[in-house]
Amino acid sequence: MYPFIFFIFKVKLPRSLNWETQKQNFFDFSTLNQLSRMYGIIFVTIGSIVQAEYGTDLWFSLLEKVGYRNIVFCTHSVYPDDLVANLAKAAVTEIGNGLTLNDVLMYFGRCFIRAAGTFGYDKFIKRCGRFFCDFLSGIDSVHLHMKYTYPKMDNPFIYVLEEDENGVVIHYRTSRSGFPPFLFGILDQVAKDFYDLRISTPLLPEKPNENNEEGLKYRIRINFDNRNYMACKAMQNGAIALERKGNFLGNLKFNKQQKPLIELSNGILLQLFPFSLIFRSDLKIISVGYQLKQLFSRRKLIGHSLLEVATLRRPRLNLSWENLVTLQRVTCELEMMLVTQNNDENSLSKVSRTMSPRSKRAEPNYLLLRGEMRHVKDWQAIIYLCNPLIDNIDDLSELGLKLSDLSLHGHGREMVMTGQQHTSRLEDLYERAEEKANQLQVTHELLDEWKMQGDELLYSMIPQSIAESLRRGQKPIDTCEAFECVTISFVEMTNMDDLMTKSALEAVNFMNAVFSALDNVIDQHNVYKVETIGNVYMVVGGAPTKNETHIKDVCMVALGFCDAMDDLSMNNDTGVHIRIGVHSGPAVAGVLGRKMPRYCFFGDTVNTAARMQSTSLAGKIQISRVAYNLLQCFDGFICEPRGIVMVKGKGEMETHWLLRYQPLRKKSSLDDEESDFL
């Protein structure tokens, strides 16, 4: 019995789909994959263990790689079903150490169980079975139990196919591909922590053994020491055989004082289970409980095929003898459609092939049975020992049953009475929970939106890579980095006094238009805007992200600034005149201080670039000799020497004017033909 695997799968149907649409899509697994989601408890448990063992930085890095930066997972919220696989792929590259995708998925499965104690499920696992094999056989029953907490859950289906002293072969059916390693990690940790066993598998299947409308089906061999379980099972079988032998001998040799033991007849058994039925390998019904006889009084069930009157509601498998024989210790649900009132007396209604809900509706009525299949070899038949699932008095009346028709040992009467008292309250609580969940979803969406706005504001002040480092707890001083070569440009408005003759509001609006135009040019190139101080604008290329084209990027930006100011001057009465200086060299950059942090640059390169701007002329772009030499690596830039310029603090410096960018025209085929003709 196992409360964890079910969390992996949850179907969240859109409100736009009515029930008829849902019925049509129920077995359409392509649609199911699109609607499926995972519960957040998976990521909460995985994240807690990963952060404890590898650190918070690694977990945040994994989330960032899969597009879930700054996310806070909620246990009952749902997330895309491929998120586990994407996290595992990111972990393969981030952790390294020769790990494969299967290794990481198994590790995630183990993390899931290791964190189980946080939610109190460890106590539940300890009581699931005396042996690990019992645990494997009861997983599906626990999934059924947890449906009350997670009503929209679409869980995988697992049961034991074969068992021996060296392990078992399990059947694993799911609508997801690639999850056998995750399942094996879960089982491995359960076996280790709660049964003191080490399990192994010869080979985890990469592809399913079958793939049809029921989902992906895997056969997985799990090896472990299963001798104690097999010995206990042999003792039970031996006790049954010994009892039969004793009954046989008692019939041969008994005296008047000692009466022979009488075997339980199928008639008495069907009285104890009034809703059960018995059928042979061809699925022909040979006997039914007396309550089923009354419900199907218009036409006897005996002699009909089970396929004609019932459908296997849980687990979702084809209703065949081979499948039912394997479901010896799995909770099974059959849905039977009763005879309609309008039908002829000799007709028997056909079963609906869709998963219809059991609710108040017009005839025909559906009877839902839950129990277990038992293969009785002596009878060469299967007996389905079951009880009806009835929620309240209304459902009981709808089926035409009385409380006295329900067996005492099945607790059906108590469930009906209790359900009658609590149904309305549960519906109210469920509606409130749905409303709160919707409100929480809206709140999360608003939170994500606010985070995005905050990030945009932060990244406008500090480079994104530096901001991420600070968010992960890195000290501002540790963000400082030395760059061998960057290109720095300063831009200054030279006619600031003319703008100040206007009113303060007009001047501010005009300055905003100027700097907004410069910002638009920045967005088109791989450069970083450092700051704006007064009427000076500072741009850097090659930092914080290093690249080899920083001189080209900055020069293209400088030329773009001139064009933008020319366009702005044409549309305004007041012209805008700027002068630009460019210089390249080493620099140090980082975030200093705690209040109003800024990403600043330091070094002689900054001072020299500022001097290039202050000694430039209006409408001109002055570049140093160092920047000019670097620019020669790129074709298309037209420059002319300015000569020697006296620079404060530097002395005489040779500089150049950057005039324009004229990309070389590629030689066309037409040019080749003209040259050949000439």
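This text walks through the sheets, cores, surface and loops of the structure above. The model is predicted.

Start with the sheets. One open sheet has four strands in the order 4-5-7-6. The pairing in this sheet is antiparallel. Strand 4 (157-164) and strand 6 (210-212) are its edges, and each pairs on one side only. Neighbouring strands of this sheet are turned by 20° against each other on average, with direction ignored. Look at strand 4 and strand 5 (residues 167-174). Seven bridges join this antiparallel pair. One place to find the pairing is Tyr159, whose bridge partner in strand 5 is His171.

Move on along the chain to another open sheet. Here six strands follow the order 9-8-13-12-11-10, again with antiparallel pairing. The edges are strand 9 (285-288) and strand 10 (310-314), which each pair on one side only. From one strand to the next, the twist averages 30°. Within this sheet, strand 11 (residues 332-337) and strand 12 (residues 366-376) share six bridges in the antiparallel sense. Glu333 has Arg370 of strand 12 as its bridge partner.

Further on comes strand 14 (residues 481-493). Strand 14 pairs with strand 17 (residues 578-592) over eleven bridges, in the antiparallel sense. Strand 14 is also joined to strand 16 (residues 536-541), by six bridges, and this pair runs antiparallel too. Glu492 is a good residue to locate here. Glu492 stands opposite Arg579 in strand 17, and opposite Val536 in strand 16.

Now turn to the interior. In soluble globular proteins, nonpolar side chains tend to be buried together. The largest nonpolar core in this model has 65 residues. Those with the most contacts inside this core are Phe108, Phe132, Phe135, Ile170 and Leu187. A second core is separate and has 37 residues, including Phe157, Leu295, Leu369 and Leu401.

Is the charged residue Glu468 buried or exposed? Glu468 counts as buried because its relative accessible area is 6%, and the cut-off for buried is under 20%. Glu468 belongs to helix 18 (residues 464-471). Ser61 is 407 residues away along the chain, yet the C-alpha atoms of Glu468 and Ser61 are separated by 9.7 Å.

The surface comes next. Val442, Leu446, Leu447 and Trp450 form a nonpolar patch there. Together these four have about 370 Å² of accessible area. Leu446 sits in helix 17 (residues 412-461). Its relative accessibility is 35%, so Leu446 counts as partly exposed.

Finish with the loops. Asn97 lies between helix 5 (83-95) and helix 6 (101-114). Asn97 is not a glycine, but its phi is positive, at about 55°. Asn97 is exposed, because its relative accessible area is 70%. Asp196 lies in the loop between helix 10 (180-195) and strand 6. Asp196 also has a positive phi of about 55° without being a glycine. With a relative accessible area of 71%, Asp196 is exposed. The last loop to visit runs between strand 16 and helix 21 (550-570), and Pro544 is found there. The peptide bond from Ala543 to Pro544 is cis, with omega near 0°.

Definitions and conventions
Residues numbered from 1 in each chain as written. Predicted model: local features only at pLDDT ≥ 70, side-chain atom pairs only at ≥ 80, totals over all residues. Heavy atoms only, no water. Patch = residues over 30% accessible without salt bridge, like charges linked within 9 Å, V, L, I, M, F, W, Y side chains within 5 Å. Areas by Shrake-Rupley, 256 points an atom, 1.4 Å probe, with all protein chains shown as cover. Salt bridge = Lys/Arg side-chain N within 4 Å of Asp/Glu carboxyl O. Helix = DSSP H or I, 4+ residues; strand = E, 2+ residues; numbered from the N terminus. Buried < 20%, exposed > 50% of the residue type's maximum accessible area, 1.4 Å probe, protein only. Core = buried A, V, L, I, M, F, W, Y, C linked by side-chain atoms within 4.5 Å. Pairing = 2+ DSSP bridges. Axes fitted to C-alpha atoms, helices over the stretch in contact; angles between N-to-C directions.
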